[in-house]
Amino acid sequence: MAETSPAMTMESMCHGRQGAEMRRTLLEGMLSRPLTEAPPAADDAALAELAGKLDAVARRRLGRSLSIREVDAGSCNGCELEIHALNNAFYDLERFGLRFVASPRHADVLMVTGPVTRNMREALERTYNATPDPKWVVAVGDCAADGGVFAGSYAIVGGVKNVIPVDLHIRGCPPRPVQLLQGLLALLERQSE
Ligand code: SF4
């Protein structure tokens with residue numbers, strides 16, 4: 001019978017120890033809860049009231065729910081994350097009839113983010129011209145207001161108002177989803193007076 005060398009014995013011991021550690025890690029992973037951040041404290045009633053009011057004002061003003069076209073004119077995407085949150089499972093904007101549309105031809109509101117870059121200037125003008133009246137432009141975020149942290153850059157033409165008429169500025173870097181809803185509501189209420 002062949003003798004087992006000391007080196008081989010050490011190697012198999014190491015493999016055995018690694019295998020046991022791996023099994024323990026896998027088992028812990030299967031039995032422990034996923035490591036995620038707790039959701040923000042929900043004020044469902046306030047959110048529902050806000051979005052419900054917005055839908056009611058839109059129906060009074062337009063005879064239907066509000067359609068929004070989002071335009072990224074050069075943002076860092078921080079504002080987009082907050083706008084997209086309006087459609088996630090937490091805010092779920094569509095349950096109140098408000099919806100984002102893929103074409104400016106179907107939109108009532110253009111929600112524009114970012115400083116307007118030189119490359120996006122013409123696209124923004126064309127998007128504005130393609131949106132049927134009545135239409136409103138909401139500039140979202142500090143960059144859309146006056147260039148924000150990008151002010152003075154050679155690559156931008158400035159805030160949204162430098163390119164198309166703006167009906168409402170919603171400040172913030174970025175503004176929160178509730179601020180976006182509050183801004184839209186204020187805009188439509190002002191229009192229906
Ligand atoms: S306002 Fe802030 S989050 Fe929004 S595009 Fe500008 S830098 Fe990004």
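Which residue in β2 does Ile-68 stand opposite? In this predicted model, the residue facing Ile-68 is Phe-100. That pair belongs to the contact between strand β1, residues 67-72, and strand β2, residues 99-100, which run parallel and are joined by 2 bridges. Getting from β1 to β2 takes the chain through α3, and this β-α-β crossover turns out to be right-handed.

Strand β1 has another partner too: β3, made up of residues 109-113, runs parallel to β1, with 5 bridges joining the two. Here Val-71 is the residue that stands opposite Val-112 in β3.

Now for the helix in the crossover. Cys-79, Glu-82 and Ile-83 of α3 are buried. Looking down the axis of α3, these buried residues fall within an arc of 100°, so they line one face of the helix. The spacing fits a simple rule: an α-helix has 3.6 residues a turn, so residues three or four places apart point the same way.

Helix α3 also matters for the ligand site, to which we turn next. The ligand is surrounded by 13 residues, and the closest are Ser-75, Gly-78, Gly-141, Cys-143 and Cys-173. Two helices, α3 (78-85) and α5 (142-146), each supply at least two residues of this shell. As for chemistry, the shell around the ligand splits into 6 nonpolar residues, 6 polar ones and 1 charged. Taken together, α3 lies on the path from β1 to β2 and also contributes to the shell around the ligand.

Methods:
Residues are numbered from 1 along each chain as its sequence is written. This is a predicted model: local features need pLDDT of at least 70, side-chain atom pairs count only at pLDDT 80 or more; totals for chains, interfaces and linings use all residues. A residue is near a molecule or strand if its C-beta atom, placed from the backbone, lies within 6 Å of it. Helices (H or I, at least four residues) and strands (E, at least two) are DSSP runs, numbered from the N terminus. Ala, Val, Leu, Ile, Met, Phe, Trp, Tyr, Cys and Pro count as nonpolar, Asp, Glu, Lys and Arg as charged, and the others, Gly among them, as polar. Two strands pair if DSSP finds at least two bridges between them. A crossover is right-handed if, with the strands pointing away from the viewer, the path from the first strand over the helix to the second runs clockwise. A residue is buried if 20 or more other C-beta atoms lie within 10 Å of its own, exposed if 12 or fewer, and partly exposed in between; C-beta atoms are placed from the backbone. The arc is that of the directions from the helix axis to the C-beta atoms.
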